[in-house]
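Here are a few exercises to work through with the model open in your viewer. Try each task before you read its solution.

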Amino acid sequence: MPNTIPEIDCDVAVIGGGIAGLSAAITAMHAGAETIVIEKAPKLQRGGNSAIADAQIRYPHEPDAYCPTGQTKEDFFAAFMKVSRGRANKDLIRVVVENAADVVDWLSELGVQWEKGYPNVAGYRRQPLGGGWQLVDTLYKHLERGGVHVAYETAAEQLLTDRSGRVVGVRVLEPEGYTDIKARGGVIIACGGFEANVEMRVRYLGRFMDNIILRGSRYNTGDGLRMALAIGAQPAGQWGDFHSAVLDARSTPFECGVTAIYIFQLGLFIDEDGERFLDEGEDFRDQTYVKFSKAIMNHKSGVAFNVFDDKVRSEDPEVWKRAIRTSEEPYEAHSIRDLAALLQIPPERMERAIREYNAACQSGVFDPLQLDGLSTKGLAVNKTNWARPLDTPPFLAYPVTGGITFTFGGLKANTDAQVLHTSGRIIPGLYVAGEPMGELYYYNYMGATSVLRGAVFGRIAGHHAAQARLAQ
Ligand SMILES: Cc1cc2nc3c(=O)[nH]c(=O)nc-3n(C[C@H](O)[C@H](O)[C@H](O)COP(=O)(O)OP(=O)(O)OC[C@H]3O[C@@H](n4cnc5c(N)ncnc54)[C@H](O)[C@@H]3O)c2cc1C
């Protein structure tokens with residue numbers, strides 16, 4: 001084998017073939033740029049977290065039968081800012097909000113099929129029929145028809161720069177060895193966060209983060225972040241935090257996929273000592289599931305029980321089926337005492353907690369689609385909405401904990417998806433989209449917005465990288 005590293009040329013090199021990378025590549029291709037997608041996974045595992053996800057996309061919409069409240073752009077923007085406690089980059093969020101509805105139309109034009117009438121609360125959303133797998137498969141097929149080369153089992157390793165600091169390509173490791181891919185328009189980093197990198201997790205997220213359920217792709221090991229930081233890119237956003245969800249604690253520890261309980265707000269969280277410890281009804285679950293999952297992980301042993309009575313299941317079995325995403329069966333018993341015994345919780349304490357909770361419930365109209373204000377009164381930990389007594393057997397419980405989906409820390413970027421240097425100047429030829437873009441999420445997350453932001457900034461990055469090439 002010759003010892004020189006072979007080179008190939010293109011206009012736009014996209015690192016990562018999830019929603020962000022695919023959106024970038026399709027946009028660059030449509031603009032006439034010769035585009036290459038570099039994907040670390042084998043073809044059968046392509047698509048990253050995007051393929052493993054439900055891939056729900058939330059966007060501003062007029063009220064209709066499925067979303068009685070509707071959602072204006074201003075509502076969307078305000079909710080986004082609220083969950084980050086005002087810290088998210090307003091300019092980036094504004095771009096996401098302004099482009100959200102257009103992204104859904106664009107994906108539809110590319111052939112993405114959607115589930116019909118997806119019931120929802122707090123914001124209109126679409127879910128691809130067949131979830132994220134169908135979404136990415138449709139986009140890959142579009143790229144393939146357009147003649148774009150996807151290099152599978154090829155890991156981007158190092159950004160190549162010229163003397164001016166411009167990124168002119170990327171060194172990749174293929175099964176045969178290294179190749180330098182020269183990209184005249186630019187390189188787009190779209191290869192996920194560091195959720196699957198145990199060393200980076202411990203370094204940035206904490207000493208026990210070696211042992212956490214990984215929900216998504218094993219290939220998102222922070223390579224894009226590492227490569228960009230090595231050439232002076234500015235880190236931005238909350239490097240010490242991450243996305244999680246209220247998961248069945250019996251989920252497989254690795255690439256477990258969607259095993260979440262998405263209806264926890266209609267039940268109670270009970271800890272191992274039989275006590276409530278969270279205001280389950282604080283807000284719509286879209287606004288609370290990430291922070292609650294982390295609160296559970298940080299509480300006592302890190303596992304709690306999401307307890308329901310039969311009302312929640314039997315009143316709307318369709319919603320129950322959609323919202324309980326684990327394939328594991330719940331623990332089920334005809335009395336709280338028997339349920340506690342199954343859960344190995346002190347029965348008298350759990351009985352007391354639920355008796356006190358039931359007694360604190362007030363009369364009022366229950367409405368799971370609204371913040372109904374049906375709250376408990378006088379408890380140390382009240383439930384602010386959807387507080388109805390647990391009084392209808394059988395009683396059900398799922399053991400719940402958190403897991404890691406993606407990391408919040410990223411690169412500083414402008415609204416054209418260009419990456420900034422620590423000196424403050426733009427790094428010419430370098431773009432970022434999706435998980436490795438910083439400043440979108442802090443502390444918490446707003447449901448159904450990560451696929452969206454990947455598509456929005458992927459399109460923007462693809463557009464600008466292609467235009468940079470065409471302008472030469
Ligand atoms: C179980 C689950 C459910 C979810 N549900 C939703 C939801 O309903 N709605 C929502 O908005 N979000 C959801 N998310 C989050 C969302 O799916 C992701 O954050 C988003 O899809 C990430 O898109 P991306 O393109 O940035 O990254 P990814 O889709 O993860 O793509 C990154 C790609 O880069 C590749 N890669 C990594 N390193 C390299 C390298 N060195 N060289 C080349 N390629 C590399 C990976 O193989 C991967 O294909 C969910 C995630 C999971 C895991």
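Helices (H or I, at least four residues) and strands (E, at least two) are DSSP runs, numbered from the N terminus. What you're looking at is a predicted model, where local features need pLDDT of at least 70, side-chain atom pairs count only at pLDDT 80 or more, and totals for chains, interfaces and linings use all residues. Residues are numbered from 1 along each chain as its sequence is written, and side-chain values use heavy atoms, with hydrogens and water left out.

**Exercise 1.** Find which element gives the largest share of the shell around the ligand.

*Solution.* Start with the elements that each supply at least two shell residues: α1 (19-30), α2 (48-52), β6 (155-161) and α13 (450-470). Of these, α2 takes the largest share, with three residues.

**Exercise 2.** Work out which residues come nearest to the ligand, and how the shell divides by residue class.

*Solution.* A residue counts as near if one of its heavy atoms lies within 4 Å of the ligand. There are 39 residues around the ligand, and Glu39, Ser50, Asp223, Glu435 and Ser450 come nearest. By class, the shell has 16 nonpolar residues (Ala, Val, Leu, Ile, Met, Phe, Trp, Tyr, Cys, Pro), six charged (Asp, Glu, Lys, Arg) and 17 polar (the others, Gly among them).

**Exercise 3.** Pick out polar contacts (pairs of N or O atoms within 3.5 Å) to oxygen atoms of the ligand.

*Solution.* Take the side chain first: an N or O atom of Ser50 sits 2.4 Å from a ligand oxygen. Then go to the backbone, where an N or O atom of Asn49 is 2.8 Å from a ligand oxygen, and one of Ile19 is 3.2 Å from a ligand oxygen. Now check the cover: alone, the ligand exposes 1000 Å² (Shrake-Rupley, 1.4 Å probe), and the protein buries 98% of that.

**Exercise 4.** Where is the cis peptide bond?

*Solution.* Look for an omega of about 0°: the bond joining Pro393 and Pro394 has it. Pro394 is in the loop between α12 (347-360) and β15 (395-401).

**Exercise 5.** Which loop holds Arg85, and what is its phi?

*Solution.* Arg85 falls between α3 (73-83) and α4 (90-109). Its phi is near 55°, a positive value in a non-glycine residue.

Key:
A polar contact is a pair of N or O atoms within 3.5 Å; within protein, one must be able to donate a hydrogen and the other to accept it, and residues adjacent in sequence count only if both atoms are side-chain atoms.
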